[in-house]
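Trainee: I am new to this structure and would like to look closely at a single part of it. Could you take me through one charged group, step by step, and then the helix that comes before it?

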Amino acid sequence: MIQAYCLSVIYLFIVAALYLVDSYRRELSFVILIKGALQERRGALTSFFIAGLAIAFLSLVCPVAPGPIVLGDLLPSLWIIHSAFFFRMLYSNRRIKDGEVYLDTVSLARMRTMGIISASIAAVHFLFPAIVLI
């Protein structure tokens, strides 16, 4: 199903931007609004999480045409699931002290590495849709 493919590519690029927004704040300034919405609104974070799980499931079950029917694109789907759970855990574990929100610290280098991995998976998934990424 081509819709699941398009949604998975878009979701992967959004996730890559969310990973990289702290390292490249000026270049990715438009992502700050998305990050703020995910941090502040519990409904937005839940919707982002459920959308990630649904897109990963659809990508596994309904792959793009030469892919196997059962597995589909395994690597992008697993990365989407990983990212959905990662951002769910990162943005829901908040400690409030004196009215300010402190997030659990994740190293900047780790976030940058995961952002580059996510962007690479999204680029390969977009540029070569007929290749099954298992």
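Mentor: Let us begin with arginine 25, which in this predicted model has a relative accessible area of 45% and is therefore partly exposed, since that value falls between the 20% and 50% cut-offs. Its side chain meets the side chain of aspartate 22 in a salt bridge, with 3.6 Å from N to O, and aspartate 22 likewise counts as partly exposed, at 29% relative accessibility. Aspartate 22 also forms a salt bridge with the side chain of lysine 35, at 2.6 Å from N to O. Because aspartate 22 lies in the loop between α1 and α2 while lysine 35 belongs to helix α2, this pair ties together parts that are 13 residues apart in sequence. Lysine 35 is buried, with a relative accessible area of 14%, and the shared partners join Asp22, Arg25 and Lys35 into one network. A search of the whole structure finds two salt bridges.

Turning to the helix before that loop, α1 covers residues 2-20, and its end C-alpha atoms are 27 Å apart, which agrees with the span expected for its 19 residues. Its buried residues, among them Tyr5, Ser8 and Leu12, pack against α2, α3, α4 and α5. Serine 8 is a useful place to pause, for it counts as buried at 0% relative accessibility. A polar atom of its side chain lies 2.7 Å from the backbone oxygen of tyrosine 5, and the side chain of serine 8 also makes a polar contact with that of histidine 125, at 3.1 Å. Beyond its neighbours within four places in sequence, serine 8 is in contact with Ile55, Ile80 and His125.

Terms used
Residues numbered from 1 in each chain as written. Predicted model: local features only at pLDDT ≥ 70, side-chain atom pairs only at ≥ 80, totals over all residues. Heavy atoms only, no water. Helix = DSSP H or I, 4+ residues; strand = E, 2+ residues; numbered from the N terminus. Expected span 1.5 Å × (residues − 1). Buried < 20%, exposed > 50% of the residue type's maximum accessible area, 1.4 Å probe, protein only. Contact = heavy atoms within 4.5 Å. Polar contact = N/O pair within 3.5 Å; in protein donor to acceptor, adjacent residues only side chain to side chain. Salt bridge = Lys/Arg side-chain N within 4 Å of Asp/Glu carboxyl O.
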